[in-house]
Amino acid sequence: MAIAGENRLVLVDSVGNPLLRLNQAGLDVNQISDIIVTHFHPDHVSGLPLLLMDLWLIGRATPLNIHGLHYTIDRVESMMALYNWSDWPQFFPVTFARLPEAEMVQVLDSSEFRILASPVKHMIPNIGLRIEFKKNNMVMAYSCDTEPCAEVIRLANGADLLIHEASGESVGHSSAQQAGQVATRAEAGRLCLIHYPSGRYATGDPLVEARQSYQGDILLAKDFMIFDFNLNAAAADLGREFSGWISNNRPSGNLQEP
Ligand SMILES: [Zn+2]
């Protein structure tokens, strides 16, 4: 996930081939100012060494900030040490910001948005995020990988959009129905389900499951989806470009990706 503003381009986690994917998304990788690493699981962090190497190879000189919990950053540093990155000639400056494991810790504050983090309930230390957009006071929350917990409800309190994982009910994860419960308790305006079983691993219909516990609009996250928070209009306009939202008065439609 990338949070793109005029002055800051913030990447949340890094997997696969990030340079390729960011190019596909139409984002300039040279503009990345910050990377937030939520937790040290391969499906959230394995692309980081490749991204750092690629940025170096294309000639980056500007500093990069990497934010995460002590547990996470310690392991990121160990991982990079295995690649012997200290010997990469003229490598650009990287600053590590170690976040305390406390609620509503400010990760960064730019002219356009403020990002806060809280610990969530996963198998290893992990953070969820709350992004507050200053232009219109809109809020987006991201649960990351977690069991339902009060911290996410508080992160998403009154949010216009909650992006919540729906891996299935298990240790350290949530079902779509549980994600709906969290969205209801947080009084979130919209719910976007992410990290759900898909393709041949799909089980049931996450939208139907979440509907059992949440009455607002629900959407399944897809690659390259865009949410525009640079709006003057009310929160009701959020995601209007998607026909994939299912709401009480509108049946599920086909997703139209921008
Ligand atoms: Zn995880």
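What follows is a chat between a visitor and a guide about how the labels given to this predicted model are earned.

Visitor: What makes the model one to trust, and where is the pLDDT below 50?
Guide: It's a predicted model, and the protein chain averages a pLDDT of 91, with 89% of the residues scoring at least 70. The stretch with pLDDT below 50 is residues 248-258, which has 18 contacts in the model beyond near neighbours in sequence.

Visitor: How many helices and strands does the protein chain have?
Guide: Seven helices and 12 strands. As for contacts with a separation of 6 or more, 61% of them join residues 24 or more positions apart.

Visitor: What makes strand 6 and strand 12 edge strands?
Guide: Start with the order of their open sheet: 6-7-8-9-10-11-12, seven strands with mixed pairing. Strand 6 (105-109) and strand 12 (217-220) each have a single partner strand, so one side of each is left without a neighbour in the sheet. Neighbouring strands here are turned by 20° against each other on average, direction ignored.

Visitor: How do you know that strand 7 and strand 8 pair?
Guide: A pair needs at least two bridges. Strand 7 (residues 113-119) and strand 8 (residues 127-133) are joined by seven, and they run antiparallel. One of the bridge partnerships puts isoleucine 115 with isoleucine 131 of strand 8.

Visitor: And the five-strand sheet: which strands are at its edges?
Guide: That open sheet goes 1-2-3-4-5, again listed with mixed pairing. Strand 1 (2-4) and strand 5 (94-99) are the edge strands, as each pairs on one side only. The average turn between neighbouring strands is 20°, direction ignored.

Visitor: What makes strand 2 and strand 3 a pair?
Guide: Apply the cut-off of at least two bridges. Strand 2 (residues 9-12) and strand 3 (residues 32-36) have four, in the parallel sense. Valine 10 has aspartate 34 as its bridge partner in strand 3, and valine 12 has isoleucine 36.

Visitor: Why is strand 3 called mostly covered?
Guide: Buried takes 20 or more other C-beta atoms within 10 Å. Four of the five residues of strand 3 are buried. Over the 258 residues of the protein chain, 41% count as buried.

Visitor: Where does helix 4 lie?
Guide: Helix 4 (residues 70-82) lies across strand 4 (64-69) and strand 5, running at about 125° to strand 4.

Visitor: Why is asparagine 84 called exposed?
Guide: The limit for exposed is 12 or fewer C-beta neighbours within 10 Å. Asparagine 84 has 8, so it counts as exposed. You'll find asparagine 84 in the loop between helix 4 and strand 5, with a positive phi of about 60° although it is not a glycine.

Visitor: Then what makes histidine 195 buried?
Guide: For buried, the threshold is 20 or more. Histidine 195 has 20 other C-beta atoms within 10 Å, so it is buried. Histidine 195 sits in the loop between strand 11 and helix 7 (206-211), and its phi, near 60°, is a positive value in a residue other than glycine.

Visitor: How do you know that the largest nonpolar core lies between the domains?
Guide: Domain 1 (1-99) and domain 2 (100-258) both give residues to this core, so it lies between them. The core has 63 residues, and those with the most contacts inside it are Met140, Ala156, Leu162, Leu191 and Leu193. Helix 6 gives the most to the core, with five residues.

Visitor: What does alanine 156 touch?
Guide: Leaving out residues up to four places away in sequence, alanine 156 touches Ala141, Leu162, Val182, Ala183, Ala186 and Ala188.

Visitor: Which residues of helix 6 are buried, and what do they pack against?
Guide: The buried ones are Ala176, Gln178, Ala179, Gly180, Val182, Ala183 and Ala186. They pack against helix 5 (150-155), strand 10, strand 11 and helix 7. Helix 6 (residues 176-186) lies across strand 10 (161-165) and strand 11 (190-194), at about 150° to strand 10. Glutamate 187 follows helix 6, with a positive phi near 55°.

How values were computed. Residues are numbered from 1 along each chain as its sequence is written. This is a predicted model: local features need pLDDT of at least 70, side-chain atom pairs count only at pLDDT 80 or more; totals for chains, interfaces and linings use all residues. pLDDT is the predictor's confidence in each residue, from 0 to 100. Two residues are in contact if their C-beta atoms, placed from the backbone, lie within 7 Å. Helices (H or I, at least four residues) and strands (E, at least two) are DSSP runs, numbered from the N terminus. Axes are lines fitted to C-alpha atoms, for helices over the stretch in contact, and angles run from 0 to 180 degrees between N-to-C directions. A nonpolar core is a set of buried Ala, Val, Leu, Ile, Met, Phe, Trp, Tyr and Cys residues joined through C-beta atoms within 7 Å. Domain bounds come from an automatic or database domain assignment.
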